[in-house]
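Student: Please take one part of this model and go through it closely. I would like the helices first, then whatever helps me judge them.

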Amino acid sequence: MSRNRYVLVTVDVEAQPARAREEHVKRLVWGEHVNGRAGIREMCTIADDVGGKLVHFVDACGVYLHGEPFAEAVQWMVRAGHDVQLHSHSEFLPDSFWTEHGFATRPRLLNQYDEAKAAFTLQYFSEYLAGITGERIRAFRAGSFRWNWGTLKAQGGLGIPLSFNNTMRGLVDGVCPYAEPVQRPFEWSNGVIEVPITERRFPTRGDNVWWGRLAFPSNNRHRDPHWRVLWPYTLGRRIEVLVILLHSWSLLYWDENGHAVYRDDKRLEDFRKLMKKLAKDYDIITTADFLDLHARGKIKTTHTVDLSLAEMKAQKGKKK
């Protein structure tokens with residue numbers, strides 16, 4: 001029975017160079033280490049146990065770099081019945097990739113690309129990922145939330161209907177050109193629906209404001225443990241759509257070199273508790289479910305935002 005309250009549990013699936021010494025897909029995606037395993041298999045199993053499916057935002061640039069091992073992991077997710085959508089850390093692509101396709105190697109960060117380079121990146125890697133999954137791409141999340149006007153415009157042109165990039169913390173951190181301080185889905189003027197990551201505003205000393213993000217695992221140093229951020233939404237507050245952020249390495253720990261390692265099952269069990277808690281109060285949905293619910297009027301967008309707002313702020317803050 002539907003509760004008319006929905007949650008998307010999103011997992012950025014990445015194998016970034018600096019996060020492991022070797023065998024990046026094995027360590028960071030599958031979470032396989034000498035003394036234990038805690039990766040996407042375990043996450044999917046925990047979600048399945050409560051009748052939910054995860055939304056995997058797969059770094060298609062990482063798949064391009066790591067080849068078959070990463071592609072096999074993507075195909076496993078699809079066979080397991082979980083959702084696979086587009087993520088991109090194009091800053092790790094080699095110079096030869098850009099030269100081959102007629103683009104300058106700089107700037108490297110997606111939020112600094114001009115419109116042509118942004119459009120090419122989304123088209124190339126959405127088609128690349130769809131070729132592996134056999135399914136159309138329905139949603140995009142930029143690596144580190146580094147999107148700009150060009151990526152958002154490209155989504156509209158490519159028919160990628162959902163953006164998962166709105167974050168006030170990202171705006172404060174300067175990685176994106178614009179954000180709406182809202183918790184509910186809204187629509188851009190080119191028809192793309194924005195699904196904001198769930199954040200709460202916490203006042204701090206002086207004029208500073210901290211946006212606590214509903215992410216797992218929590219980090220007390222950043223003052224946003226997931227229970228603290230989630231707590232109001234499990235006590236009757238009418239937030240119809242929650243978006244939670246994880247990574248494929250979220251059940252692991254970091255060693256002194258900043259490499260992911262398996263230590264114990266504590267985070268795995270904490271994730272199990274979180275999923276059980278969510279399943280009590282929310283329907284756990286995929287991007288396909290979201291679009292169906294939106295089409296049937298079960299999930300509504302609150303307002304429309306002119307795309308030019310992102311363009312103007314991007315130009316104002318443009319690095320030279």
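Tutor: Here is a close look at one helix, followed by a second helix, a hairpin and the confidence values. The model is predicted. Start with helix α6, residues 115-133. This helix has 19 residues. At 1.5 Å a residue, α6 should span 27 Å, and its end C-alpha atoms are 27 Å apart, so the expected and computed lengths agree. Now its buried positions. Early in α6, K117, A118, F120, T121 and L122 are among the buried residues. Further along, F125, S126, L129, I132 and T133 are buried too. Just after α6 comes G134, with a positive phi of about 75°.

Apply the same check to α10, residues 266-281. Its 16 residues should span 22 Å at 1.5 Å a residue; the end C-alpha atoms are 23 Å apart, which agrees. Buried residues in α10 are L268, D270, F271, L274, M275, L278 and A279.

Next, the hairpin. Strands β10 (residues 199-203) and β11 (residues 209-213) run antiparallel, joined by five bridges. P203 faces V209 of β11. Five residues lie between the two strands, and G206 in that turn has a positive phi of about 70°.

Last, confidence. The chain has a mean pLDDT of 91, with 90% of its residues at 70 or more. Residues 314-320 stay under 50. For that stretch the model has two contacts beyond four places in sequence. Where pLDDT is low, predicted coordinates should not be read in detail.

Terms used. Residues are numbered from 1 along each chain as its sequence is written. This is a predicted model: local features need pLDDT of at least 70, side-chain atom pairs count only at pLDDT 80 or more; totals for chains, interfaces and linings use all residues. Side-chain values use heavy atoms; hydrogens and water are left out. Helices (H or I, at least four residues) and strands (E, at least two) are DSSP runs, numbered from the N terminus. The expected span of a helix is 1.5 Å times one less than its number of residues. Buried means under 20% relative accessible area, exposed over 50%, partly exposed in between (1.4 Å probe, protein chains only). pLDDT is the predictor's confidence in each residue, from 0 to 100. Contact means heavy atoms within 4.5 Å. Two strands pair if DSSP finds at least two bridges between them.
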